[in-house]
Amino acid sequence: MDINMIGPVIVLGISAIGSCIGCYIAGAASHAAMSRVEDGHGKFIGMSAAPASQSIYGFVLMLLMKKAILVGALSPVSGIAMGIFSGLAFLASAVFQGKVCATGIQASAKQPAIFGKCFAAVGIIESFALFTLVFSILLL
């Protein structure tokens with residue numbers, strides 16, 4: 001691997017770590033909820049997958065950063081800084097989204113009618129990952 005590609009690899013790695021942690025947190029809550037309720041398990045599984053999107057954002061940014069570095073529009077040092085800080089924003093978003101998904105799963109297991117409302121907080125946290133992606137792209 002070219003040493004110039006450290007930044008793109010960092011953003012992908014950190015975002016994937018965050019998605020893994022977030023999906024674990026929400027997935028564990030999903031399993032607990034499924035053990036207590038008879039039906040509606042699919043919605044719990046769906047909500048527990050929400051933090052996976054941050055890995056996708058990290059992948060997209062990795063590809064765009066790679067291209068920008070290869071054409072000389074982004075220096076490798078700037079790529080490392082962008083990779084670290086964008087990756088950390090994706091990680092934090094995924095972890096906290098996993099926590100919000102976990103509480104949403106637990107709440108909707110007790111009161112199924114509020115399931116859709118629980119996605120509001122999930123979406124708000126998702127927006128920070130999207131902001132990071134868009135603002136990073138604007139810097140490229």
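**Close-up 1. F119 and its aromatic partner.** Let's start with F119, a residue that is partly exposed, with a relative accessible area of 34%. Keep in mind as you look that this is a predicted model. The neighbour to find is F115, which counts as buried at 16% relative accessibility, because buried means under 20%. Both residues sit in helix α5 (residues 115–139), 4 residues apart, or about one turn of the helix. The structure holds 4 aromatic pairs. F115 and F119 make up one of them, an edge-to-face pair with 5.2 Å from centre to centre and 85 degrees between the planes.

**Close-up 2. A stacked pair in helix α5.** Here you meet F131 and F135, again 4 residues apart in helix α5, about one turn of the helix. Their aromatic pair is stacked: the centres are 6.0 Å apart and the planes differ by 15 degrees. F131 is partly exposed at 41% relative accessibility. F135 has a relative accessible area of 51%, so this residue counts as exposed, since the cut-off for exposed is over 50%. Look for F128 too: together with F131 and F135, this residue forms one aromatic cluster.

**Close-up 3. A nonpolar patch on the surface.** Six names are worth finding here: I56, F59, V60, L63, L64 and I137 make a nonpolar surface patch of about 470 Å². Which helix gives the most to the nonpolar patch? Helix α3 (residues 53–71) does, with 5 residues. I56 is a good place to begin, as a residue of helix α3 that is exposed, with a relative accessible area of 53%.

Definitions and conventions. Residues numbered from 1 in each chain as written. Predicted model: local features only at pLDDT ≥ 70, side-chain atom pairs only at ≥ 80, totals over all residues. Heavy atoms only, no water. Patch = residues over 30% accessible without salt bridge, like charges linked within 9 Å, V, L, I, M, F, W, Y side chains within 5 Å. Areas by Shrake-Rupley, 256 points an atom, 1.4 Å probe, with all protein chains shown as cover. Salt bridge = Lys/Arg side-chain N within 4 Å of Asp/Glu carboxyl O. Helix = DSSP H or I, 4+ residues; strand = E, 2+ residues; numbered from the N terminus. Buried < 20%, exposed > 50% of the residue type's maximum accessible area, 1.4 Å probe, protein only. Phe/Tyr/Trp six-rings, centres within 6.5 Å; stacked < 30°, edge-to-face > 60°.
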